[in-house]
Amino acid sequence: MKNKMVYFIIIVSFISVLFAYPIRNLYDSEMPRPTAAHLGLYDAIDYILYIPIEPPYEYLDSAYTKITLTNFAETDSPVVLDLESMECDSVIYTHPVLDIYEVCDFEQTGDTLTIHLPFTSPENDTFYLTVYYNGEPDWGYFVQPNRYSDTVIYSLSWPSNARCWFPCIDHPADKATATIQVFAPSTLMVASNGVRISADTLGDYVFHIWRTYNPICIYNICFTAARYIYWTDTATDSTPIMYFAYPNDSVMAPIDWGRTAEIYDSFEVYYGDYPFEKYGMATTPFGLGGMEHQSMTFLGDGLITGARTYEAVVAHELSHSWFGNSVGLGDWRDFWMNEGFAVFSEFLYTEIFSGEDAAKNYRHSTMNSYFSSGENFPMFDPDVYLSYTCYNRAGMIVYMLRFMMGDSLFFATVRDYTEHFEYKTVTNDSLKAIFEEHYGESLDWFFDQWVFQAGYPRFEYYYRCISTDSLYRAHLHITQNNIYGGPDAYIMPLEIKLETSDYNLWDTIWVNSVDNDYYWDTEDSVSRIRIDPNYLSLRKTVVVSAIDENKLKPDGLYVEISPNPFNSHCRIKILNNSNNLCNLYIRDISGRMLENISFDDAINIHIINWETSKIESGIYIIELDNGISKIYRKAIVLK
Ligand SMILES: [Zn+2]
């Protein structure tokens, strides 16, 4: 149990934007464990849960779930539900039209409840199964003290643990509406999804009923019961926002959550209408974590500081209303889409509320955290779900779509996406199709390099500015040395800043090959060129040592070998600063020619990676010849 708690605390912490925990050895791709059994045969269209909680709360006695199911074709196949660690007592079949009420045979093996229907169901039939069950949930449902030692009873089913506290089709692709009924001591307040229908007192207990009229992913069905204070707010579109915080946080929580309606209003402008009946937030005891349960986000009690320290988490979880909840996942392997848009929303929130500079810094640190993590696996079907890859990297991938398309086209596409797939589920292909439709061309290359491949680009660049007759010519050379994986050459736009002593010039270039050269004719000398200074793209950039103009021969030849001596390879950087074509020769000490490379573009810099793993130790002569003069350098191979 102790290990389990560590695991749990880390899970929920990572759901937030805070990534302070080592997670690499704790999670693997098995984590979402969807059950596809009969997913295509029966469709759950509504759930009614009845959860009686009584002290000491760990055990659920006489709970039931009534599921409305429909079938796409005539069938007498059994209904297979997911149910783990709970014991099924009985299952009742009812039919709303035929007025049938029958007790069903069932088998419970492992995590599966197989229910035999008393009748063959015709095509598109709709019927109810009510499953009565008992047990102590081994996950998904928790009884824990909060930071003030008050007991909180709450659920957290992400990603596939709803089955641990009620029977269901525990697959994200099967959305349904839901009613959550909780019978709880009157000392506790209950918060849940959708609208609060009623809270009737029965002796020392209260029967709470909440209902979501919009379809909900199974892992988003939730409740929390605790001693809470409760208040409301209203967004500009009149949607109610409900807040549940611990009484001891009565001063701090309203400060921390005070701008929720404003953030909500801002997101509606960019993402389209908020999709649900209400929004809500409740504190639960999971540290610095957050979980975006549809229309009732749970926020860890550590996030309450009274200083808006974690407002980005509020924005992150709220944004899941559009990305993850309304537009849900049909396949867990596309998990990056949920978190990519949520981390993107942190960028957007920072930009709106704190300005461009703060947003730039936020992107920079988000990117750096990913780089420092050492993670290197694709976002699709990731090795680790709660990872920098699925959060930080994914946020930058979404941001790059924005940079590439421009604000107006990007946000129009996003609004089309949220509207088109409202209440539905999507895969990577759904997202790609919408973006391709608006972008006007295939984005295979974008998704291939960023979603299905690991790694990221490493740009080595240098620049110089030479005077021509009456102008200056700035030259930027970028070599892709993608040592972190991915394609040899990424295709992507990059923002460029050219600095003169008096002003800056801005441009956008596209890199698409290993070596890339760009030229700008300018009126003033360019003293510095910066690549992507606003951190709009996921990349590492390294300035290669600038050419030392003093070492140039008068006719403009330059050779630099690094490292030197070397073992298996070296980099030879050459500059031909004349209008003549030039040749590079590599010979051994006896004069035997090993390499002969011609450069047909004058006034240019090149880098050659010389592979010497099959070459013996010794001294080799590098010669550069532009027809006017020659220079020689010694390269020393040491094995
Ligand atoms: Zn998230």
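Val190 stands opposite Ala225 in β15. This pair belongs to the contact between β12 and strand β15 (residues 223-226), which pair in the antiparallel sense over four bridges. The model in which these strands appear is predicted.

**The sheet around Ala225 and the main core**

β12 and β15 are part of an open sheet of four strands, ordered β9-β10-β15-β12 with antiparallel pairing. Its edge strands are β9 (141-145) and β12 (189-192), each of which pairs on one side only. Direction ignored, neighbouring strands of this sheet are turned by 15° against each other on average. Strands of a sheet in general pair through backbone hydrogen bonds, either parallel or antiparallel.

Which residues touch the most other members of the largest nonpolar core? They are Phe223 and Ala225, in a core of 133 residues. Helix α5 (residues 335-354) supplies the largest share of this core, with 10 residues. A second, separate core has 33 residues, among them Ile529, Ile561, Leu575 and Tyr620. Apart from neighbours within four places in sequence, Ala225 is in contact with Ile53, Ile153, Tyr154, Val182, Ala184, Leu188 and Val190. Val190 is thus named both as a contact of Ala225 and as the residue opposite Ala225 in the strand pairing.

**The chain as a whole**

The chain contains 10 helices and 36 strands. Of its 639 residues, 41% count as buried. Along the principal axes, the C-alpha atoms fill a box of roughly 100 × 50 × 45 Å. Among contacts between residues at least 6 apart in sequence, 68% join residues at least 24 apart.

The domain assignment divides the chain into domain 1 (1-30 + 247-271 + 290-453), domain 2 (34-227), domain 3 (458-543) and domain 4 (549-637). The C-alpha centres of domain 2 and domain 4 are 72 Å apart.

As to confidence, the mean pLDDT of the chain is 90, and 92% of the residues reach 70 or more. Residues 1-29, however, have a pLDDT below 50; in the model this stretch has 50 contacts beyond near neighbours in sequence.

**A second four-stranded sheet**

Another open sheet has four strands in the order β33-β32-β35-β36, and its pairing is antiparallel. Why do β33 (593-599) and β36 (630-637) each have one side without a neighbour in the sheet? Both strands stand at the edges and have a single partner strand each, so one side remains unpaired. The average turn between neighbouring strands of this sheet is 15°, direction ignored.

Strand β32 (residues 582-588) is joined to β33 by six bridges, and the two run antiparallel. Within this pairing, Leu584 stands opposite Ile597 in β33, and the bridge partner of Arg587 is Met593. The hairpin of β32 and β33 has four residues between the strands; there Gly591 takes a positive phi near 95°.

**Phe403 and its distant partners in sequence**

Phe403 lies in helix α7 (residues 389-405). Is this residue buried or partly exposed? Phe403 is partly exposed, because 19 other C-beta atoms lie within 10 Å, while a buried residue needs 20 or more. Leaving aside neighbours within four places in sequence, Phe403 is in contact with Pro493, Leu536 and Ser537. Phe403 and Leu536 are 133 residues apart along the chain, yet their C-alpha atoms are separated by 6.7 Å.

**Backbone features in loops**

The table lists two cis peptide bonds and two residues with positive phi.

| Residue(s) | Backbone feature | Loop |
|---|---|---|
| Trp158 and Pro159 | cis peptide bond, omega about -10° | Pro159: between β10 (151-155) and β11 (176-185) |
| Ser562 and Pro563 | cis peptide bond, omega about -10° | Pro563: between β30 (557-562) and β31 (569-576) |
| Ser238 | positive phi, near 80° | between β16 (229-234) and β17 (240-245) |
| Tyr423 | positive phi, about 65° | between α8 (407-420) and β22 (425-426) |

Ser238 is exposed, with 6 other C-beta atoms within 10 Å. Tyr423, with 15 C-beta neighbours inside 10 Å, counts as partly exposed. Neither Ser238 nor Tyr423 is a glycine, whereas the positive phi in the hairpin of β32 and β33 belongs to Gly591.

Conventions: Residues are numbered from 1 along each chain as its sequence is written. This is a predicted model: local features need pLDDT of at least 70, side-chain atom pairs count only at pLDDT 80 or more; totals for chains, interfaces and linings use all residues. A nonpolar core is a set of buried Ala, Val, Leu, Ile, Met, Phe, Trp, Tyr and Cys residues joined through C-beta atoms within 7 Å. A residue is buried if 20 or more other C-beta atoms lie within 10 Å of its own, exposed if 12 or fewer, and partly exposed in between; C-beta atoms are placed from the backbone. Two residues are in contact if their C-beta atoms, placed from the backbone, lie within 7 Å. Domain bounds come from an automatic or database domain assignment. Two strands pair if DSSP finds at least two bridges between them. Axes are lines fitted to C-alpha atoms, for helices over the stretch in contact, and angles run from 0 to 180 degrees between N-to-C directions. pLDDT is the predictor's confidence in each residue, from 0 to 100.
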